[in-house]
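Colleague: I'm new to this structure and would love a guided close look at one part of it. Could you take me through the charged pairs, and then show me what else is worth seeing along the way?

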Amino acid sequence: EKKTSHFVTIVARDNAAPYLSSKAGLHVTVTDYDDQPPKFDQPLYVAKRVYENASIGFSVLTVSASDQDAAVANAVSYSFHSSFLGGNPFKIDSSSGVITVQDQLDYETKDTDYIFFVQAVELGSSSAPALTRVDIPVGNVNDNSPKFSNLNYVFNVTENVPNGTKVGTAAATDNDKPPFNRYRFNFSNSASVEGKFKIDSNNGEITVAKLIDYEVGATRYTFKVVVVDLDPPGGSDTATVTINVLDVNDNNPIFQKTVFAANQDENTPAGTFIIQPVATDADIGLHGQITYSIFSGNDLGNFQINSTTGVISNAFVLDREKKDAYTLGVEAGDPLSNKRVSRCVVNVAVNDVNDNPPIFSPLKYSVTVTENNAVGIQIASLTASDPDYGTNSVLAYSILSGNSLNAFEIKDSASGVVTGRINLDHEQFASYNLTIEVRDSGPSGGLADTA
């Protein structure tokens with residue numbers, strides 16, 4: 001490999017003096033022997049950047065090695081060193097040394113250069129193989145769209161929470177490496193949220209933007225959110241968000257009016273319906289339940305109230321003559337909060353029934369009258385009383401019996417005054433035994449007493 005032939009001059013001389021000599025030329029040809037390994041043109045090959053979206057078969061670079069033997073240049077075969085066989089996205093042509101892409105590159109999986117060794121082996125020779133290093137840098141492209149972690153998000157929010165309260169996050173990711181992993185969030189149709197919510201364009205966090213009232217507005221909101229890639233070609237993804245509004249106990253029970261009026265006949269059997277003062281609570285479910293109670297005016301326990309329905313009935317038989325009216329304080333309370341109550345007044349009037357007869361006092365009267373001096377004079381004045389009320393206590397007096405010769409009369413039936421109609425004659429009737437009746441004006445002829 002250094003010199004292929006040599007020319008030597010050979011001199012022959014004797015030992016006499018003076019000596020005699022002769023010259024001859026020798027040409028030596030060196031025959032080449034296959035003793036040199038192949039050699040790469042470069043100790044290091046650095047490829048131009050190959051982008052991850054390079055197509056299969058894309059040519060990356062060419063390595064070249066040659067046989068260093070002078071006479072016979074054997075063919076060279078190229079291959080990857082054994083250290084670069086697993087997970088290799090490239091292949092090399094054994095004859096030409098051309099390295100091409102054989103599998104799809106992914107910058108997100110491997111974002112560092114591919115560094116490996118290629119060996120060149122001289123065919124038909126036992127010489128050692130030649131090695132060279134190859135560096136292939138991989139370039140990033142925007143080949144991934146942002147994706148939501150779920151297709152459907154379900155969140156709960158309590159009514160009346162302050163604006164800015166976090167409801168939940170519609171999380172998304174972009175598998176691209178910087179700078180191609182930038183994206184923004186927004187509502188697909190802002191009208192669908194009715195201005196109640198807003199979304200952070202940077203992180204997908206959804207917050208309350210406007211007062212939410214379970215009793216007035218919707219109890220569930222369903223809308224779509226979109227995440228958009230900020231780099232070309234601008235891929236996107238869509239997810240559905242459902243927000244359930246949870247009720248809180250934020251409303252007091254309210255009676256239809258503050259004062260109710262009712263009446264019941266005395267002597268009505270216990271447990272008879274009197275009135276139902278109804279209250280309503282705008283809350284829902286357990287928060288909207290109402291418990292009724294009587295908190296005042298029922299010291300004697302004459303009334304009872306159904307704690308669930310609010311129906312008031314008499315616990316005992318009422319007697320108007322003992323008490324003719326009651327003023328009850330009724331409370332509608334929220335069973336889940338003793339602070340949420342409403343109160344009203346229920347006036348119960350006890351209607352009179354004709355259950356008491358008029359009563360004379362006294363039951364016997366004794367009067368002495370001088371004969372021949374009785375026409376038009378007052379003989380007696382009878383008095384009766386009736387504890388009933390109204391027409392049931394209007395009294396009428398009359399003479400039932402003993403009024404021989406109609407000697408007496410009661411001109412004013414309401415007065416109970418007995419007067420003489422004729423001059424009395426002792427010799428004819430020395431005495432009279434009159435039965436006087438007093439009758440009230442109650443139904444069915446009323447009730448009566450006699451004296």
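Which side chain meets that of Arg133 in a salt bridge?

Modeller: Happy to help! One thing to keep in mind from the start is that this is a predicted model.

The partner you are asking about is Asp135: its side chain and that of Arg133 meet in a salt bridge, with 2.9 Å from N to O. The two residues sit in different accessibility classes. Asp135 has a relative accessible area of 9%, which is under 20%, so Asp135 counts as buried. Arg133, at 33%, falls between the 20% and 50% limits and is therefore partly exposed.

This pair has company, as the count comes to 9 salt bridges. Another one to look at is formed by Asp231 and Arg182, whose closest N and O atoms are 2.6 Å apart. Look at where the two partners lie: Asp231 is in the loop between β21 (220-229) and β22 (236-246), while Arg182 is in the loop between β17 (172-173) and β18 (183-187), so the salt bridge ties together parts that are 49 residues apart in sequence. Here the acidic partner, Asp231, is buried, with a relative accessible area of 10%. Arg182 is partly exposed, and its value is 41%.

Further along the chain, Glu437 and Arg439 form a salt bridge too, and their closest N and O atoms are 3.0 Å apart. Arg439 has a relative accessible area of 30% and is partly exposed, whereas Glu437 is buried at 14%. Not every salt bridge stands by itself: Arg320, Glu321 and Asp352 are joined into one network by salt bridges that share partners.

Now for a surface feature made by nonpolar residues. Val8, Ile10 and Leu26 make a nonpolar surface patch of about 230 Å². You can find Leu26 in strand β2, which covers residues 21-29. Its relative accessibility is 39%, and a patch residue needs over 30%, so Leu26 passes that cut-off. By the accessibility classes, Leu26 counts as partly exposed.

Let's finish with two open sheets. One has 3 strands in the order β25-β29-β28, and the pairing is antiparallel. Its edge strands are β25 (273-275) and β28 (303-305), each of which pairs on one side only. From one strand to the next, the twist averages 40 degrees. If you follow β25 across to β29 (residues 312-314), you will find 2 bridges joining these antiparallel strands. For a single pair to pick out, take Ile275, whose bridge partner in β29 is Ile312.

The other sheet is also open, with 3 strands in the order β33-β37-β36 and antiparallel pairing. At its edges are β33 (378-381) and β36 (408-409), and each of them pairs on one side only. Between β33 and β37 (residues 417-420), which run antiparallel, there are 3 bridges. A good place to see this pairing is Ala380, which has Val418 in β37 as its bridge partner.

To come back to your starting point, select Arg133 and Asp135 and look at the salt bridge between their side chains. Then move on to Asp231 and Arg182, where the salt bridge links two loops and so ties together parts 49 residues apart in sequence.

Definitions and conventions. Residues are numbered from 1 along each chain as its sequence is written. This is a predicted model: local features need pLDDT of at least 70, side-chain atom pairs count only at pLDDT 80 or more; totals for chains, interfaces and linings use all residues. Side-chain values use heavy atoms; hydrogens and water are left out. Two strands pair if DSSP finds at least two bridges between them. Helices (H or I, at least four residues) and strands (E, at least two) are DSSP runs, numbered from the N terminus. Axes are lines fitted to C-alpha atoms, for helices over the stretch in contact, and angles run from 0 to 180 degrees between N-to-C directions. A salt bridge is a side-chain nitrogen of Lys or Arg within 4 Å of a carboxyl oxygen of Asp or Glu. Buried means under 20% relative accessible area, exposed over 50%, partly exposed in between (1.4 Å probe, protein chains only). Patches are made of residues with over 30% relative accessible area and no salt bridge: like charges are joined within 9 Å, nonpolar side chains (Val, Leu, Ile, Met, Phe, Trp, Tyr) within 5 Å. Accessible areas come from the Shrake-Rupley method with a 1.4 Å probe; for residues, only the protein chains shown count as cover.
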